[in-house]
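Got a minute to walk through a structure together? Let's take it feature by feature.

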Amino acid sequence: MMKSNIFPLLAALFMAGPSCATNPEAVPAPAVPQVVLVHGFMETGNTFKMMKKRLERKGFTCHVAKLKPSDGRGGLDTLAQRLKMDIDREIGHQEPIQIVAFSMGGIVSRHYLQNLGGASRCRNFITISSPHHGTRAAWLYPTKGAADMRPGSPFLANLQKTEVRLGKMPVASFRTPMDLIILPPTSSAWDRAENLEFPVILHPLMLTSSAVIDEVEKRLSK
């Protein structure tokens with residue numbers, strides 16, 4: 001009786017062929033969305049060198065966006081449009097992405113996600129030391145982009161108004177209480193996001209902090 005029960009089972013497995021669940025290679029694992037790294041004010045993206053290297057060692061594909069002009073003289077909305085063009089050109093128009101953005105890059109990325117349709121393809125969004133509520137340091141520079149980063153600017157008001165367009169996207173905001181560029185440092189706290197604080201002594205060192213990079217890696221891997 002035992003043998004007679006085994007034969008039908010073997011026949012079923014044979015007929016199922018290579019698509020059978022017993023073949024671990026039958027269904028390829030889903031691709032991890034590419035990571036877009038968005039730099040800050042007066043930067044070129046080189047500040048992401050350590051983070052990019054770590055992420056690529058873990059198997060992530062990273063693309064460092066280029067925000068030009070990096071001093072935002074044409075306004076942050078213009079930089080967001082160029083960010084969209086950069087992503088579409090380098091990654092494609094529909095492929096899913098994850099975004100990690102630093103400082104000014106965080107609010108440029110928000111404009112891309114919330115007002116230029118980027119939210120529909122973004123699976124994860126992390127900002128690091130970004131002036132979600134502006135920074136007083138922006139009064140020290142005369143460009144339109146700097147004006148967009150001043151507390152109470154129309155640009156920031158629009159971001160607050162349209163953040164509902166992020167939908168259920170996972171969002172995190174990293175900050176340091178010792179930031180001397182984002183003034184006050186609490187400006188990096190964002191109600192829509194999960195807020196994490198790191199005891200890093202200077203604004204640019206957030207991108208080289210092992211604790212920050214570990215947390216970024218963990219969240220991108222979810």
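What follows is a short dialogue on reading this predicted model.

Q: Where do I start, and how many helices and strands does the chain have?

A: Start with the inventory, then read the order. Here the chain has seven helices and six strands. Going along the sequence, they come in the pattern α-β-α-β-α-β-α-β-α-α-β-β-α.

Q: Okay, now the sheet. In what order do the strands sit?

A: The order in a sheet has to be read from the pairing. In this model the strands form an open sheet, ordered E2-E1-E3-E4-E5-E6, and the pairing is parallel. Strands E2 (62-64) and E6 (194-197) each have a single partner strand, so they are the edges, with one side of each left without a neighbour in the sheet. From one strand to the next, the twist averages 20°.

Q: Can we zoom in on one pair: how many bridges join E1 to E3?

A: Sure, bridges are what to look for in a pair. Strand E1 (residues 34-38) and strand E3 (residues 97-102) run parallel and are joined by five bridges. Within that pair, Val36 stands opposite Ile99 in E3.

Q: Which strands do helices H2 and H3 pack against?

A: For a helix on a sheet, check the strands it meets and the angle. Helix H3 (residues 76-90) touches E1, E2 and E3, and its direction makes about 150° with that of E1. Helix H2 (residues 49-57) lies across E1, E2, E3 and strand E4 (122-128), running at about 160° to E2.

Q: Let's pick a residue in the sheet. Is His63 buried or exposed?

A: Look at relative accessible area, where under 20% counts as buried. His63 has 14% relative accessibility, so it is buried. It sits in strand E2. Leaving out residues up to four places away in sequence, His63 touches Val35, Val36, Leu37, Asp86, Glu90 and Ile91. Leu37 is 26 residues away from His63 along the chain, yet their C-alpha atoms are separated by 6.1 Å.

Q: And outside the sheet, where does Thr135 lie?

A: Loops deserve the check too. Thr135 lies in the loop between E4 and helix H5 (144-148). Its relative accessible area is 5%, so Thr135 is buried. Apart from residues up to four places away in sequence, Thr135 touches Met149, Arg150, Pro151, Ile181, Ile182 and Leu183.

Q: What about the chain overall: what share counts as buried?

A: Two whole-chain figures help here. Of the 222 residues, 48% count as buried. Then look at contacts between residues at least 6 apart in sequence: 70% of those join residues at least 24 apart.

Q: Now pockets. How much space lies in the largest pocket, and which residues are closest to its centre?

A: With a pocket, take the volume, then the lining, then the residue classes. The largest pocket holds about 280 Å³ of space. It is lined by 16 residues, and the closest to its centre are Phe41, Ser103, Ala137, Met149 and Ile181. By class, that lining splits into 12 nonpolar, three polar and one charged.

Q: And what lines the second largest pocket?

A: Same routine. The second largest pocket has about 200 Å³ of space. Its lining has four nonpolar, five polar and three charged residues, including Arg110, His132, His133, Trp190 and Asp191. Helix H6 (residues 154-162) gives the most to this lining, with four residues.

How values were computed. Residues numbered from 1 in each chain as written. Predicted model: local features only at pLDDT ≥ 70, side-chain atom pairs only at ≥ 80, totals over all residues. Heavy atoms only, no water. Pairing = 2+ DSSP bridges. Helix = DSSP H or I, 4+ residues; strand = E, 2+ residues; numbered from the N terminus. Axes fitted to C-alpha atoms, helices over the stretch in contact; angles between N-to-C directions. Contact = heavy atoms within 4.5 Å. 1 Å grid on protein atoms, 1.4 Å probe; cavity = no way out; pocket = protein on both sides within 12 Å on 5 of 7 lines; lining within 4 Å. Points joined across faces, edges and corners; volume = space filled by probe spheres on them. Nonpolar A, V, L, I, M, F, W, Y, C, P; charged D, E, K, R; others polar. Buried < 20%, exposed > 50% of the residue type's maximum accessible area, 1.4 Å probe, protein only.
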